[in-house]
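Where does this protein leave empty space, and how do some of its strands and side chains fit around one another? The report below takes the spaces, then the strands, then two single residues.

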Amino acid sequence: MDSKTVLSYFEEITRIPRESGHEGPMTEYLQKFAASHGLECRTDKTGNVLIVKEAAPGKENVPILVLQAHQDMVCEKKADFEFDFLTQPVPYEIEDGWMIAKNTTLGADDGIGIAACLALLASEQPTGKLECLFTISEETGMDGAFALEKGFFDGKTLINLDSEDEGQLFVGCAGGMDTTATYEFETEPLRKGYKALCIKVSGAQGGHSGDDINKERANALRELMRFLYTELQYDFQLLAFDGGNKPNAICREAMAVIAVPSDEVKEMEEDVKAFDGILKAEFASSDPGVCAVCSSADAPSKEAISEGDASNIIATLLACPHGVEKMSVDIPGLVETSSNLAAAHIKDNTVTVITSQRSSVVSELHAMAQKVEAAFFLGGFDVEHHGEYPGWKPNLKSHILEVSVNSYRELFHKEPEVKAIHAGLECGLFLEKFPDLDMISFGPTLRSVHAPGEKLELASLDKFVAHLNHVVLNFK
């Protein structure tokens, strides 16, 4: 197996629709791959796929290795980019040593893990028995991992291929849950002599709500509410607002349509311009592209959110916790607990707010969710928690960890980093269902995961493939 072959498979995968909940074409592709290579293939009732490659002659006594990746991808695009993830291949470019999708997500999370599995399965090199597990809907609740039934695979050692920093070996991850809050609001007539304006905060990097939550990037929705809260002292009506998308992505873009007296339009435009300067100064280092703009707009209807409800919604969204809550005292640099104000939408006089919480400590995860709930409770919102998944406690005496560390040293003459990650991996769920599993997670370097501009470093792909291949060939 080599990186050229892995990249070739990944290029095929970029042409296959596989948004979470719509993995059918990806599942079919995997089944056809197995059939064309004469490999055993199982698909469970959920859509998880297992492809089995029997041990090569002389390798029958090597313990079974399970290699695991997820079929789905986060489908995010720039608001002004016309694109349909269900019908179009992901557009990408090779630039300065990176494979990058400039206007959409690339899907290297976790398409590159799938591609590495396929390259190993297709290789003629002698290995022990391999079981390649491809789960569904990891990004929206780990549905496939939750639905796995005992006996679906036989191996006791698993390599998860869903990590994003080459040279780092992950042996633990955070657990998490989502919290959704809803609020029904009253309306009032749009006032005469008022002009509609659109205020937009955009240009933020966004990113993964676990791996990037400590990078001090702008949350466009929170910054928009910050501006509107400041403007509550003035006489405006809130007509509409929208921001964000997925619970596991930091909000990159948010907009609000407001109405102000015609003679105060200029003043509002100046306020937005001043706020734009504030954002640029505050995020000059961590998120330099973020900006705030004001433009003319058409009123979406003749009704506005009532004054009292508008004030309450704005204040509650601003008060909602977002960002790092606590750093680990045991593992330097590891975020222990966080929350992400992910999205807010309006439909049929109801505001729906989506948030997600993560923690390496179960009690702190629940406390973080309660803190979010309390903020919304004070605002009169209805709150529901859902999609909780467990974390993965590190095992520093792991055999696969020892094998992987020794392999990395032999190949690259340096020590890999052994770490836990604040993102959620399916390993925690696997451990609940298969308590004897010995696991590790590693992958190539990815950046801007879960956001347009997601990219894969090709030099790191070379090292990742060499390392994975070496571990597989030398596993005993």
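The largest cavity holds about 270 Å³ of space. Of the 23 residues that line this cavity, Glu-138, Glu-139, Asn-248, Arg-358 and Tyr-389 are the closest to its centre. The structure is a predicted model, and six cavities of 30 Å³ or more are found in it. Rolling a probe the size of a water molecule over the atoms shows where empty space is left.

Which strands supply at least two residues each to the lining of the largest cavity? They are β9, β18 (350–359) and β19. With three residues, β18 gives the most. By class, the lining of the largest cavity is made up of six nonpolar, 10 polar and seven charged residues.

**Pockets**

The largest pocket contains about 400 Å³ of space. It has 24 lining residues, and those closest to the centre are Cys-173, Ser-360, Val-361, Lys-393 and Pro-394. Two or more lining residues come from each of β8 (168–173), α8 (362–378), β19 (382–389) and β20 (417–421).

The second largest pocket has about 340 Å³ of space. Its lining consists of 20 residues, and Lys-77, Gly-244, Asn-245, Arg-252 and Glu-253 lie nearest the centre. Strands β12 (237–243) and β13 (254–261) each give at least two residues to this lining.

The classes of residue in the three linings are set out below.

| Space | Nonpolar residues | Polar residues | Charged residues |
|---|---|---|---|
| Largest pocket | 14 | six | four |
| Second largest pocket | nine | three | eight |
| Largest cavity | six | 10 | seven |

**Strands**

Strands of a sheet pair through backbone hydrogen bonds, either parallel or antiparallel.

Strand β18, which gives three residues to the lining of the largest cavity, pairs with β17 in the antiparallel sense over 10 bridges. Within this pairing, Asn-340 stands opposite Ser-356 in β18. The two strands form a hairpin with two residues between them, and there Asp-348 takes a positive phi near 55 degrees.

Strand β17 also pairs with β16 (residues 323–327), in the antiparallel sense and over four bridges. Here Lys-326 has Thr-337 of β17 as its bridge partner. Is β17 (residues 335–347) largely enclosed or largely open? Of its 13 residues, 10 are buried, so the strand is largely enclosed by the rest of the structure.

Elsewhere, four strands make an open sheet in the order β4-β5-β23-β22, with antiparallel pairing. Strands β4 (93–95) and β22 (446–447) stand at the edges of this sheet. Each of the two has a single partner strand, so one side of each is left without a neighbour in the sheet. For β22 the partner is β23 (residues 455–457), joined to it by two bridges in the antiparallel sense. One residue pair in this match is Arg-447 with Lys-455 of β23.

**Two residues**

Thr-179 is part of strand β9 (residues 175–184). Is Thr-179 buried or exposed? Its relative accessible area is 0%, so Thr-179 counts as buried. The side chain of Thr-179 makes a polar contact of 2.8 Å with the side chain of His-385. Apart from neighbours within four places in sequence, Thr-179 is in contact with Val-353, Ile-354, Thr-355, Gln-357, Ala-369, Val-372, Val-383, Glu-384 and His-385.

His-208 sits in the loop between β11 (194–202) and α5 (220–230). Its relative accessibility is 6%, and the cut-off for a buried residue is under 20%, so His-208 counts as buried. What does the side chain of His-208 reach at 2.8 Å? It reaches the backbone nitrogen of Gly-210.

Leaving aside neighbours within four places in sequence, the contacts of His-208 are Glu-164, Ile-213, Asn-248, Ile-250, Arg-358, Ala-423, Val-449 and His-450. Among them, Asn-248 and Arg-358 also belong to the residues closest to the centre of the largest cavity.

Conventions. Residues numbered from 1 in each chain as written. Predicted model: local features only at pLDDT ≥ 70, side-chain atom pairs only at ≥ 80, totals over all residues. Heavy atoms only, no water. 1 Å grid on protein atoms, 1.4 Å probe; cavity = no way out; pocket = protein on both sides within 12 Å on 5 of 7 lines; lining within 4 Å. Points joined across faces, edges and corners; volume = space filled by probe spheres on them. Nonpolar A, V, L, I, M, F, W, Y, C, P; charged D, E, K, R; others polar. Pairing = 2+ DSSP bridges. Buried < 20%, exposed > 50% of the residue type's maximum accessible area, 1.4 Å probe, protein only. Polar contact = N/O pair within 3.5 Å; in protein donor to acceptor, adjacent residues only side chain to side chain. Contact = heavy atoms within 4.5 Å.
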